[in-house]
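User: I want to learn how the words used for a protein model are justified. Can we take them one by one?

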Amino acid sequence: MDQDIDQALSAVAPRLRALRKQRDTTLADLSEATGISVSTLSRLESGSRRPNLDLLLPLAKAYGVTLDELVGAPPTGDPRIHLRPVTYHGMTMVPLTRRAGGIQAYKLVIPAGSRRREPDPKTHEGYEWLYVLNGRLRIVLGEQDLVLAPGEAAEFDTRVPHWFGAFDAEPVEFLSLFGSQGERAHLRARPRANAA
């Protein structure tokens with residue numbers, strides 16, 4: 001029994017590091033959000049500090065995941081995906097996938113009346129595909145300044161400086177597929193054969 005617990009706790013370190021990298025968050029930002037010191041967070045991620053509930057609870061809350069996900073608890077057989085929205089810079093991100101690595105899917109919502117921010121393009125490794133459901137999404141991509149309407153999609157290498165936000169004061173809802181290793185979304189559509 002103690003060996004099982006030790007194995008589960010030793011698997012927490014890589015999960016914590018993966019979650020932080022997925023969220024593109026620094027240790028300092030995470031420290032500010034959780035109240036846990038940067039050195040403790042670093043030791044947790046390296047595996048040199050044994051995690052406990054006092055540390056795991058604020059981390060689970062900051063990442064918007066359950067404790068089960070942090071410690072890799074075995075599945076209970078419940079097929080439902082329990083969506084835990086995370087708000088970041090006024091935008092709500094709802095993860096639609098649960099596995100770490102590979103392509104991640106998110107629904108993002110920028111609420112009505114969001115304060116218009118000046119674009120602050122960022123870069124990181126990966127490839128992203130966006131599809132607008134409702135509203136109009138402004139995308140600054142390198143030297144391009146684009147507006148996507150419902151039903152429009154964009155895909156780009158995230159090493160190109162990019163930023164997105166609401167085009168106007170109306171809410172925007174869109175889907176994002178993101179691959180941290182540069183995976184591209186491949187869409188194939190065939191015309192429907194007309195019945196004679």
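User: What makes β2 and β3 a pair, and in which sense do they run?
Analyst: Two strands pair if DSSP finds at least two bridges between them. β2 and β3 have 4 bridges, in the antiparallel sense. That meets the rule. Thr-92 has Val-109 in β3 as its bridge partner. Pro-95 is matched with Tyr-106, also in β3.

User: How were these values obtained?
Analyst: The model is predicted, so local features need pLDDT of at least 70 and side-chain atom pairs count only at pLDDT 80 or more, while totals for chains, interfaces and linings use all residues. Residues are numbered from 1 along each chain as its sequence is written, and side-chain values use heavy atoms, with hydrogens and water left out.

User: What counts as a helix or a strand, and how many are there in the chain?
Analyst: Both are DSSP runs, numbered from the N terminus: helices are H or I with at least four residues, strands are E with at least two. By that rule the chain has 6 helices and 9 strands.

User: How do you know that β3 pairs with β9?
Analyst: 8 bridges join β3 to β9, and the two run antiparallel. The rule asks for at least two, so they pair. One of the bridges sets Leu-108 opposite Phe-174 in β9.

User: Which strands stand at the edges of the 6-strand sheet, and why?
Analyst: The order is β1-β2-β3-β9-β4-β7, an open sheet with antiparallel pairing. β1 and β7 have a single partner strand each, so one side of each lacks a neighbour in the sheet. Neighbouring strands here are turned by 25° against each other on average, direction ignored. The angle is taken between lines fitted to C-alpha atoms, on a scale from 0 to 180 degrees between N-to-C directions.

User: What is the order of the 3-strand sheet?
Analyst: It is β6-β5-β8, open and antiparallel. β6 (144-148) and β8 are the edges, each with a single partner strand, so each has one side without a neighbour in the sheet. On average, neighbouring strands are turned by 20°, direction ignored. β5 and β6 are joined by 5 bridges. Leu-137 stands opposite Leu-148 in β6.

User: Why is Phe-174 called buried?
Analyst: Buried means under 20% relative accessible area, exposed means over 50%, and partly exposed lies in between (1.4 Å probe, protein chains only). Phe-174 has 0%, so it is buried. Phe-174 is found in strand β9. Its contacts (heavy atoms within 4.5 Å) include Met-91, Ile-110, Leu-130 and Phe-164.

User: How much of the chain is buried?
Analyst: Buried residues make up 32% of the 196 residues. The accessible surface of the chain comes to about 12400 Å², with 53% belonging to carbon and sulfur atoms.

User: What makes a set of residues a nonpolar core?
Analyst: Its members are buried Ala, Val, Leu, Ile, Met, Phe, Trp, Tyr and Cys residues, joined through side-chain atoms within 4.5 Å. The largest such core has 17 residues. Those with the most contacts inside it include Leu-130, Ile-139 and Phe-174. Among the elements that give it two or more residues are β3 (103-110), β4 (127-134) and β9 (172-179). Apart from it lies another core, of 15 residues, including Val-12, Leu-19, Leu-41 and Leu-56.

User: How do you know that the buried residues of α2 line one face?
Analyst: In α2 (residues 12-22), Val-12, Ala-13, Leu-16, Leu-19 and Arg-20 are buried. The arc is that of the directions from the helix axis to the C-beta atoms. Here the buried residues fall within 130°, so they line one face. An α-helix has 3.6 residues a turn, so residues three or four places apart point the same way.

User: Which residues of α5 are buried, and which are exposed?
Analyst: In α5 (residues 53-63), Leu-55, Leu-56, Leu-59, Ala-60 and Tyr-63 are buried. They cover an arc of only 125° around the axis, which puts them on the same side of α5. The face turned away carries the exposed Leu-53, Asp-54 and Lys-61. The buried residues of α5 pack against several elements, including α2, α3 (27-34) and α4 (38-46).

Notes. Areas by Shrake-Rupley, 256 points an atom, 1.4 Å probe, with all protein chains shown as cover.
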